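Here's a quick briefing to read alongside the model. Have the sequence and the 3D view open while you go through it.

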Amino acid sequence: MMERLRRRWSDGPAKVLAVIFRWLRRRPAERTKMEDLRPWSDGSAKVLAVVLHGWGGSPDRMKDVIEVTQSAFKSEGVDVYAPKLPYANRLRSVRAEKIITDLLDAIDCIIAEHETYERIVLIGFSLGGIFARRLFLIAAGNPPGFQLESPFEPAHSRTWAPQVERLVTISAFNRGWQVTGRTDWYSSFILNLLGLIGHLSPDDWRPTLFDARLGAPFTVQTRLHWLAYRRWHADIRDNKITDSDLKLPVSRTKDPILVQLVGRQDSFTSPLDLVDIAVDGQNPSSPHRRYFYIEMPNTDHEHAIALVGATGLNRQKLFTDALTQPPLALSTIASDPSLLADDIPQSDPSVTDVVFIMHGIRDDGFWTHHIAKVVREQAANAPGIRARTPSYGYFAMLPFVLPWIRRQKVEWLMEQYVGTTAQFPSADFSYVGHSNGTYLAARALRDYAAVRFKHVFFAGSVVKRDYNWLNLLLNERIKKLHNVPAAADWVVALLPKSVERWKKIDLGGAGFDGFDQAGKHPHITQPTLFANGKHSAAITESQWEHIARFIVHGTVPPALPSTDFVKSRARWLVPLAKSHLGLPGLVLIFGILIPVLLAMPLFRYAMGVGPAWPLDDLNGWEAIALTFVFMGYFLLLKFIVTRV
């Protein structure tokens, strides 16, 4: 590798970078499935243990875990399948879904050649713990009503899934990882660097760990899938499932025990990210308890898999118990994970409908509480309706333009979605969105296959005109959409609409032009008139009752009162919108021209090229004035970034 770099150095930095990226993305030598299988040395094994290492790890790093597993099942015999996964190279960019499907195929091959297994145990450390859970879920089959991601759609349920007796995870961050102000400096540096690489790289160049961040599609889908699976089997125990549904493959699987081992000194991420309290934090006293949270004293993230020596003996015993003890015995050593949190929302199956009301850019979102109040008033005779008005804070225009910042807001919304799904297990969700709030819902419906909304109301939409609502409607992921364009919405007309023709940018002008598919189905509606006003014209006080009736009853909002709607858009704005110069023009002026003009005198002065006006001949007052010009420009930039 170093010799190739030396040869390429004379060709320039670009060639060097190309060599580095090719090396990082190189494919390891192909291995057969049986090379990673460690067969039992004394006859046929009755247990298959699948051991998945952590990010940047390897099967060798899992040596203690493998040896203790072999010892724990020595009376039955155990084969251990411990593959080296692509993310052993921390920057490998193999997607999580691809790793899961490859693992399924590998286990299929092992099962086909070894028909003596009576049970299967899945073990995962750190990132491997997340993969172990999703591996089982895909193998088990799909609970009715849950929508898998497209890479998993060809996958089928496995005949060996009913043999999976339990999952044991060690230091797994079940909610996903995130960087907070309380993260230790080393983890913060590594995760921030990884996030930067992931957000700025093309999709197929993002490291695998990027898929496991808090709110990421793979993480959210895994959590929702696990929640749906657990609820399905709870309904089976309660005899709520019909005979026809009981014939589904998912019904024939077990509801396996999940044991989560977490080090008390683990600072890789928050304990509330390691433990998915919303999904797994069920009543510890339940007679059907299937989740057990066990803490390992004096243990950090990396040493959680060190199970030998004086410091590892206690961890070894806890891990052995996690592998072998029945639920009643596990209850005596497990603790209640809900005690980690300050407050846990109580599950309420009586709630039938929940509406999210989301504000947009350059907006504190106070109006959302007023619409929520009107929704609650409309639902006075239907106490099963709840309104939610969470806020992601003031969101200025410049951060909104940056795609990775927009994605972070979508991930934030999905975290709200999972928590609300856990709290209200019987509820349908509806959505009211304005400005960036419309983007959050549209992007969530595109990237998160399990997300569904009943009634969707958009105002000041920044979504592309050609968004495919018909597909969502036909797949029952939405039931009704109503979009209201505004006649003088210059925010949408000049900014998101100006980049609508760029395929790589997922913004558009539906809040000014409307959606192309409006009217092509009775449940995709849009008024023939335009809201009389600017960006917020469709969410003014006169429209609150109409919005509430649409959300609660599905009644299409009328274009009333007549003074609030006009037949055509602002004449001066239409040609400007069609020019598509808004956002590109702002970038040209504020991002290139003004900085160049301000920097030119400094450049000329530093290089000694020609007269260095205005720096050479400035008197004191002129120098002070120029200083204030520079200061004013940077203060203006700060204001634009944070408030405009």
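Which residues of β4 lie on one side and which on the other, and are they buried or exposed? On one side sit R119, V121, I123 and F125, on the other I120, L122 and G124, and they're all buried, so both faces of the strand are covered, going by the under-20% relative accessible area that counts as buried. Keep in mind that this is a predicted model.

**The sheet as a whole**
- β4 belongs to an open sheet of 7 strands, and the order reads β1-β3-β2-β4-β5-β6-β7.
- Pairing in this sheet is mixed.
- At the edges you'll find β1 (37-38) and β7, each of which pairs on one side only.
- As a general reminder, strands of a sheet pair through backbone hydrogen bonds, in either a parallel or an antiparallel way.

**β4 and its neighbours**
- Strand β4 covers residues 119-125, and 7 of its 7 residues are buried, which makes it mostly covered.
- With strand β2 (residues 47-52), β4 runs parallel, and 6 bridges join the two.
- Two pairs to look up along β2 and β4 are V47, whose bridge partner in β4 is R119, and L52, which stands opposite G124.
- Strand β5 (residues 164-170) is also joined to β4 by 6 bridges, and these two run parallel.
- G124 shows up here too, with T169 as its bridge partner in β5.
- Getting from β4 to β5 involves helix α5 (residues 127-140): together the three make a right-handed β-α-β unit.

**The β7 edge**
- Strand β7 (residues 291-296) is an edge strand, yet it's largely enclosed by the rest of the structure, because 5 of its 6 residues are buried.
- β7 pairs with strand β6 (residues 257-263) in the parallel sense, over 6 bridges.
- To find your way along that pairing, look for L261, which stands opposite I294 in β7.

**A nonpolar patch on the surface**
- Away from the sheet topic, L588, I589, I592, L593, V596 and M600 form a nonpolar patch on the surface.
- Together, the patch residues have about 490 Å² of accessible area.
- One of them, I592, is found in helix α22, which spans residues 582-607.
- Why does I592 count as partly exposed? Its relative accessibility is 43%, and partly exposed means in between the under-20% cut-off for buried and the over-50% cut-off for exposed.

How values were computed. Residues are numbered from 1 along each chain as its sequence is written. This is a predicted model: local features need pLDDT of at least 70, side-chain atom pairs count only at pLDDT 80 or more; totals for chains, interfaces and linings use all residues. Side-chain values use heavy atoms; hydrogens and water are left out. Patches are made of residues with over 30% relative accessible area and no salt bridge: like charges are joined within 9 Å, nonpolar side chains (Val, Leu, Ile, Met, Phe, Trp, Tyr) within 5 Å. Accessible areas come from the Shrake-Rupley method with a 1.4 Å probe; for residues, only the protein chains shown count as cover. A salt bridge is a side-chain nitrogen of Lys or Arg within 4 Å of a carboxyl oxygen of Asp or Glu. Helices (H or I, at least four residues) and strands (E, at least two) are DSSP runs, numbered from the N terminus. Buried means under 20% relative accessible area, exposed over 50%, partly exposed in between (1.4 Å probe, protein chains only). Two strands pair if DSSP finds at least two bridges between them. A crossover is right-handed if, with the strands pointing away from the viewer, the path from the first strand over the helix to the second runs clockwise.
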